Amino acid sequence: FADLDLVVPAERMRAAAVALGDELGYETDVEPWSGYGERHGHEVSLLRPVAAGGLRVELHWRLSDDPVAAPLDHARLLASAKRLSLGDGLDVAVPRPEEELLVLAVHLLHERYKRLVWVNDVALAARQASEAEWLGAFEAARETGLCWVLDRGLDYAAEYLALDRPRPWSASKPAPWGPLRANERFDGWIGTQLGRLALGGWLQRDGYVRSAARARRAQLRQRLAARASR
């Protein structure tokens with residue numbers, strides 16, 4: 001267990017972060033530059049120190065930096081969500097099994113390194129799904145344009161954890177070039193960067209490339225100023 005992922009509406013990101021800070025003592029984690037998570041990433045990370053470690057919560061306004069995952073947003077997930085009881089009269093909204101399988105596949109493909117525990121999440125969800133839920137996951141993938149993402153997630157589960165469940169149709173064509181597909185093609189951090197570059201928008205004032213350049217320039221100026229003051 002590394003962190004708790006919560007999906008929130010994009011327009012409620014700041015309110016959610018403030019609530020976690022005021023009510024539970026969470027502090028916003030360091031970002032590459034101010035506003036990165038809300039504009040160019042897909043989450044804002046918060047941390048609450050506990051003993052020698054900490055408890056981390058990630059507030060997701062989207063499931064991936066890649067626009068291909070945009071249809072699987074908070075509004076869609078909440079509209080068909082199921083209620084999970086936590087006891088003592090508390091419950092939370094969780095995705096229905098068909099869409100949870102898609103969420104897990106997006107999460108797996110977004111990460112540069114495919115940890116076995118994440119592959120196991122996909123395998124468990126696939127094995128536990130009823131036949132109706134299994135077919136529903138593929139229908140939801142077709143509706144949201146995530147067929148290739150679901151296929152690739154299941155491929156990992158089949159290769160490493162012997163998931164052997166017939167799929168209702170053959171493999172779909174790859175998604176457009178972006179972080180998800182680039183992370184499948186290139187190793188390490190370079191995949192995410194190339195995927196972001198493939199999205200274009202290089203000349204936009206608040207685009208990823210210009211924002212990264214401004215942040216890097218500010219860092220260099222700070223270092224030069226600190227060195228000059230010695």
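**Exercise 1. Classify Asp155 as buried, partly exposed or exposed, and then trace the salt bridges that connect this residue to others in the predicted model.**

Solution. Start with accessibility: Asp155 has a relative accessible area of 28%, and since partly exposed covers the range between the limits of 20% and 50%, Asp155 is partly exposed.

Next, look for a partner: the side chains of Asp155 and Arg167 meet in a salt bridge, with 3.0 Å from N to O. This pair links distant parts of the chain, as Asp155 lies in helix H7 and Arg167 in the loop between H7 and H8, twelve residues apart.

Then ask what else Arg167 contacts. Arg167 also forms a salt bridge with Asp151, where the closest N and O atoms are 3.3 Å apart. Here the two residues are 16 apart in the chain, with Asp151 in helix H7 (147-161) and Arg167 in the loop that leads to helix H8 (179-185). Arg167 is partly exposed at a relative accessible area of 28%, whereas Asp151, at 3%, is buried.

Finally, place Asp155 in its wider setting, returning to its salt bridge with Arg167. Through salt bridges that share partners, Lys114, Asp151, Arg152, Asp155, Arg167 and Glu184 are joined into one network.

**Exercise 2. Determine which parts of the chain are tied together by the salt bridge between Glu143 and Arg76.**

Solution. The structure holds 15 salt bridges, and one of them joins Glu143 to Arg76, the closest N and O atoms being 2.9 Å apart. Glu143 belongs to helix H6 (residues 131-144) and Arg76 to helix H3 (residues 74-79), so the pair ties together parts that are 67 residues apart in sequence. As to accessibility, Glu143 counts as exposed at 57%, while Arg76 is partly exposed, with a relative accessible area of 22%.

**Exercise 3. Describe how strands S5 and S6 pair, and say which residue of their hairpin takes a positive phi.**

Solution. Strand S5 (residues 82-87) and strand S6 (residues 90-94) run antiparallel and are joined by five bridges. Within this pairing, Gly87 stands opposite Leu90 in S6. The hairpin has two residues between the strands, and Asp88 is the residue with a positive phi, near 55°.

**Exercise 4. Identify the element that gives the most to the nonpolar surface patch, and locate Leu203.**

Solution. The patch is formed by Trp189, Ile190, Leu194, Leu197, Trp202, Leu203 and Val209, which together have about 700 Å² of accessible area. Helix H9 (residues 189-198) gives the most to the patch, with four residues. Leu203 is found in the loop between H9 and helix H10 (208-228), and this leucine is exposed, with a relative accessible area of 74%.

**Exercise 5. State the volume of the second largest pocket and name the residues closest to its centre.**

Solution. The second largest pocket has a volume of about 220 Å³. It is lined by 14 residues, of which His40, Arg196, Leu199, Gly200 and Tyr208 are the closest to its centre. To complete the picture, assign the lining to elements: H9 and H10 each supply at least two of its residues.

Note on methods: Residues are numbered from 1 along each chain as its sequence is written. This is a predicted model: local features need pLDDT of at least 70, side-chain atom pairs count only at pLDDT 80 or more; totals for chains, interfaces and linings use all residues. Side-chain values use heavy atoms; hydrogens and water are left out. Patches are made of residues with over 30% relative accessible area and no salt bridge: like charges are joined within 9 Å, nonpolar side chains (Val, Leu, Ile, Met, Phe, Trp, Tyr) within 5 Å. Accessible areas come from the Shrake-Rupley method with a 1.4 Å probe; for residues, only the protein chains shown count as cover. A salt bridge is a side-chain nitrogen of Lys or Arg within 4 Å of a carboxyl oxygen of Asp or Glu. Buried means under 20% relative accessible area, exposed over 50%, partly exposed in between (1.4 Å probe, protein chains only). Two strands pair if DSSP finds at least two bridges between them. On a 1 Å grid over the protein atoms alone, a cavity is a set of points where a 1.4 Å probe fits but cannot get out, and a pocket is an open set with protein on both sides within 12 Å along at least five of seven lines; lining residues have an atom within 4 Å of a point. Grid points are joined across faces, edges and corners, and a volume is the space filled by probe spheres set on the points.
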